[in-house]
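Visitor: I have a model to look at and some questions about how it is put together. Could you walk me through it?

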Amino acid sequence: MGVVGDYFSFQNGYAFKSKDFVKNGKYAIIRIKELKDGSVKFFTDTARVNPEDGFNVNKYIVKKGDVLFALTGDPVNKPNPLSWVGRISYYNYDTPALLNQRVCKAIPKNKVSNEFLYYFFRQNEEFYNLASRATGSASQANISTKTIEQHIMEIPNEDIRKKIVFILLNIDKKIDVNNRINDNLEQQAHAFFQEIFVDNANPEWVSGTISDLGVVVGGGTPSKSKSEYYTDSGIAWITPKDLSVNKSKFIVHGENDITGLGLKNSSATIMPKGTVLFSSRAPIGYIAIAADEVSTNQGFKSVVPKAEIGTAFVYFFLKHNLPIIESMASGSTFKEISSSTMKNIPAVIPDTETLARFRDFCTPLFVQQQILEKQNQSLALLRDNLLPKLMSGEVDVSDIQS
């Protein structure tokens with residue numbers, strides 16, 4: 001038995017300043033916000049820099065296969081561990097990036113691989129153990145690289161380590177392939193939307209509002225003090241937080257379901273399969289499609305598409321017009337889209353033939369995307385169930401050819 005520091009050292013990031021950021025910089029900057037769900041996610045607002053002469057790029061460079069930790073996070077003992085300090089991510093891009101402060105990378109000292117370290121801390125128990133050692137205030141938690149180095153790490157022999165990584169990495173590779181296929185399908189559908197409804201929009205199409213596309217539906221929250229309003233298996237009830245954790249395009253359930261009694265005693269409403277969910281506050285603009293009947297809390301202004309309009313058009317219309325919708329938000333404490341504002345967002349109503357052509361194009365793409373998302377959910381569950389059993393030796397891998 002040893003500690004992480006016996007096998008790895010850690011390099012913290014550089015304290016880049018906002019004045020260093022440029023629009024088309026050579027390197028993307030990996031901040032804490034880019035560490036998502038075990039990987040690195042780049043966004044449209046991800047900062048970029050062109051390092052000045054003399055800057056030690058090699059010290060802060062992140063390359064494919066590097067393992068990163070967040071050293072700062074949300075409050076200590078926050079219930080959702082996915083948002084805690086200490087979250088770990090695997091960098092899987094061919095293009096190098098640079099580390100920002102409060103993010104560190106692991107540097108192997110010997111034969112223990114980055115991949116093994118990554119899966120070691122992907123275990124919930126080990127992640128909880130590390131995160132629980134964070135210090136800080138009620139609003140901010142912090143750990144140091146020394147905290148990570150002192151974490152106990154019992155490892156099997158090299159042959160077993162390689163076989164464990166082989167099994168888990170192949171599951172993650174399949175998930176990644178599915179995600180890439182889905183991204184490609186999304187780009188195809190979006191490009192077709194852009195082509196026929198934006199670039200070549202018919203000037204004779206009728207002007208209207210979102211209310212002409214479908215029925216705008218709000219939501220509600222049953223009293224949290226009534227346990228009988230909530231259940232593990234009941235009426236699907238979605239919150240913006242659910243969409244922040246579950247990045248799938250299609251959603252069936254959130255973290256909590258509500259009972260029929262909870263539905264009756266709140267302003268939540270059951271909406272049909274194909275409804276386009278749109279978060280209207282905290283934050284504005286999470287968009288997903290109901291894969292079955294769902295309800296939501298009050299943080300949504302969802303759209304139940306008219307039959308002749310279709311889910312695909314409403315979905316891409318909302319995504320395309322998100323900047324306009326955001327600009328119409330109001331509120332002093334936090335910005336929100338009201339029901340009346342949402343209903344009156346301007347919209348051009350295409351002819352039924354063009355809408356049908358778009359719907360026919362998107363339908364098989366959406367079906368394939370949903371199949372691959374379900375497959376990924378099953379694969380992720382398999383990986384997470386296997387992980388602690390592989391690490392503990394409960395599952396024997398000695399006969400596996402890696």
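Visitor: Which residue stands opposite Ile29 in strand 11?
Guide: This is a predicted model. Strand 3 (residues 27-30) and strand 11 (residues 97-99) run parallel, joined by two bridges. The residue in strand 11 that stands opposite Ile29 is Leu98.

Visitor: Which strands stand at the edges of the open sheet 6-3-11-7?
Guide: Four strands form this open sheet, and their pairing is mixed. An edge strand has a single partner strand, so one side of it is left without a neighbour in the sheet. Those at the edges are strand 6 (48-49) and strand 7 (61-62).

Visitor: There is an open sheet with the order 9-14-13. Which residue of strand 14 does Thr72 stand opposite?
Guide: This sheet has three strands and antiparallel pairing. Strand 9 (72-73) and strand 13 (135-136) are at its edges, each with a single partner strand, so each has one side without a neighbour in the sheet. Strand 9 pairs with strand 14 (residues 141-142) over two bridges. Opposite Thr72 stands Asn142.

Visitor: Which elements do the buried residues of helix 3 pack against?
Guide: Helix 3 spans residues 124-131, and its buried residues are Glu126, Phe127, Leu130 and Ala131. They cover an arc of only 130° around the axis, which puts them on the same side of helix 3. On the other side, Asn124 and Glu125 are exposed. The buried residues pack against strand 8 (67-70), helix 2 (114-122), helix 4 (145-149) and strand 15 (152-153).

Visitor: Is the aromatic pair of Tyr90 and Tyr118 stacked, tilted or edge-to-face?
Guide: The structure holds 29 aromatic pairs. In this one the ring centres are 5.5 Å apart and the planes stand at 50°. Planes under 30 degrees apart would count as stacked, and over 60 as edge-to-face. So the pair of Tyr90 and Tyr118 is tilted.

Visitor: How many residues apart are Tyr90 and Tyr118?
Guide: Tyr90 is in strand 10 (residues 88-90) and Tyr118 is in helix 2, so the pair links distant parts of the chain. Both fall under the 20% cut-off for buried: Tyr90 has 14% relative accessibility, and Tyr118 has 6%. Along the chain the two are apart by 28 residues.

Visitor: Which residue lies over the face of Phe366?
Guide: Phe366 belongs to one aromatic cluster, whose members include Phe250, Phe361, Trp205 and Tyr315. A charge sits over this ring, at 3.6 Å from the ring centre. The residue is Lys249.

Visitor: Is Thr296 buried or exposed?
Guide: Thr296 lies in strand 24 (residues 295-296). Leaving aside neighbours within four places in sequence, its contacts include Gly218, Trp237, Ile238, Met271 and Ser302. Its relative accessibility is 0%, so Thr296 counts as buried.

Visitor: What radius of gyration does the protein chain have?
Guide: The chain has 11 helices and 26 strands. Its C-alpha atoms fill a box of roughly 70 × 55 × 50 Å, taken along the principal axes. With 402 residues, a compact globule would have a radius of gyration near 21 Å. The value for the protein chain agrees with this, at 24 Å.

Visitor: What share of contacts between residues at least 6 apart in sequence joins residues at least 24 apart?
Guide: Of the 402 residues, 48% count as buried. Contact here means heavy atoms within 4.5 Å. Among the contacts you ask about, the share is 77%.

Key
Residues are numbered from 1 along each chain as its sequence is written. This is a predicted model: local features need pLDDT of at least 70, side-chain atom pairs count only at pLDDT 80 or more; totals for chains, interfaces and linings use all residues. Side-chain values use heavy atoms; hydrogens and water are left out. Buried means under 20% relative accessible area, exposed over 50%, partly exposed in between (1.4 Å probe, protein chains only). The arc is that of the directions from the helix axis to the C-beta atoms. Rings of Phe, Tyr and Trp (its six-membered ring) pair if their centres lie within 6.5 Å; planes under 30 degrees apart count as stacked, over 60 as edge-to-face and the rest as tilted. A charge sits over a ring if NZ of Lys or CZ of Arg is within 6 Å of the ring centre and within 35 degrees of the ring normal. Two strands pair if DSSP finds at least two bridges between them. The radius of gyration is taken over C-alpha atoms; the globule rule is 2.2 Å times the number of residues to the power 0.38.
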